[in-house]
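This briefing goes through one chain by topic. Please keep the sequence and the structure in view while reading.

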Amino acid sequence: NPPVITEPSVLVAEFSTGVGEESTPRMTIQPNPAMDRLYVLTQAPTSGSYSVLAADGREVRPPGNWHGHRLELDVSLLTPGLYMLQLDGYVERFIKQ
C-alpha cells in the first residue's frame with residue numbers, strides 16, 4: 001500500500017517553573033510528633049470547627065468547635081501513625097507516637 005500523506009501536527013507544551021510564594025501559616029501544631037496532648041496555636045483569634053482525620057481521610061475523633069488562639073487536643077487514645085487536623089478548610093499534618 002502506498003503511504004498516506006497527512007498535514008503535519010503541532011504540539012505546544014507549557015511547563016510552569018514558577019514557585020509560588022509561601023503564605024504565612026494559619027496554625028501551628030506542637031509538639032509534633034505528639035504523645036498525649038496536641039496544642040494548636042493560631043496567629044489571629046479563630047472560631048470554627050475542627051476535625052481529626054486519619055491518613056486515609058476517615059474521621060477518627062468527633063468534630064469539635066473552638067474559639068481563640070489556642071486549642072488543646074487529647075490524642076492519647078489515637079493509635080500511633082500519621083493524622084491530619086482540619087480547621088475550617090486548612091489542613092495540617094501531625095504524627096501520633
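**Trp66 and its surroundings**

Trp66 lies in strand S3. The model is predicted, and the points below start from this residue before turning to the nonpolar core, the salt bridges and the cis peptide bonds.

- Trp66 has a relative accessible area of 8%, and because buried means under 20%, Trp66 counts as buried.
- The C-alpha atoms of Trp66 and Gly48 are separated by 5.8 Å, although the two residues are 18 residues apart along the chain.
- Gly48 is also among the residues in contact with Trp66 once neighbours within four places in sequence are left aside.
- The other contacts of Trp66, on that basis, are Val40, Thr42, Thr46, Ser47, Tyr50, Leu71 and Leu87.

**Nonpolar core**

- The largest nonpolar core has 17 residues.
- Leu73, Leu85 and Phe94 are the residues with the most contacts inside this core.
- Four elements give two or more residues to the core, namely S1, S2, S3 and strand S4, which spans 81-87.
- Strand S2 gives the most to the core, with 5 residues.
- Which residues does Leu85 touch, not counting those up to four places away in sequence? They include Leu73 and Phe94, both of which are, with Leu85, the residues with the most contacts inside the core.
- Leu85 also touches Met27, Ile29, Val40, Tyr50, Ser51, Val52, Tyr90, Val91 and Glu92.
- Val40 and Tyr50 are touched by Leu85, and both are in contact with Trp66 as well.

**Salt bridges**

- How many salt bridges does the structure hold? There are 3 salt bridges.
- One of them joins the side chains of Arg37 and Glu72, at 3.0 Å from N to O.
- Arg37 lies in strand S2 and Glu72 in strand S3 (residues 59-74), so this pair ties together parts that are 35 residues apart in sequence.
- Arg37 also meets Asp74 through its side chain in a salt bridge, at 3.7 Å from N to O.
- This second pair likewise links distant parts of the chain, with Asp74 in strand S3 and Arg37 in strand S2, 37 residues apart.
- Arg37 has 37% relative accessibility and counts as partly exposed.
- Glu72 is partly exposed at 42% relative accessibility, and Asp74 is partly exposed at 34%.
- Arg37, Glu72 and Asp74 form one network, joined by salt bridges that share partners.
- A further salt bridge is formed by the side chains of Asp56 and Arg58, at 2.9 Å from N to O.
- Asp56 is exposed, with a relative accessible area of 56%.
- As a general point, side chains of opposite charge can pair when their charged atoms come close.

**Cis peptide bonds**

- Gln30 and Pro31 are joined by a cis peptide bond, with omega at about -20 degrees.
- Pro31 is found in the loop between strand S1 (27-30) and strand S2 (37-54).
- Asn32 and Pro33 are also joined by a cis peptide bond, and here omega is about 15 degrees.
- Where does Pro33 lie? Pro33 is in the loop between S1 and S2, where Pro31 is found too.

Note on methods:
Residues numbered from 1 in each chain as written. Predicted model: local features only at pLDDT ≥ 70, side-chain atom pairs only at ≥ 80, totals over all residues. Heavy atoms only, no water. Salt bridge = Lys/Arg side-chain N within 4 Å of Asp/Glu carboxyl O. Buried < 20%, exposed > 50% of the residue type's maximum accessible area, 1.4 Å probe, protein only. Core = buried A, V, L, I, M, F, W, Y, C linked by side-chain atoms within 4.5 Å. Contact = heavy atoms within 4.5 Å.
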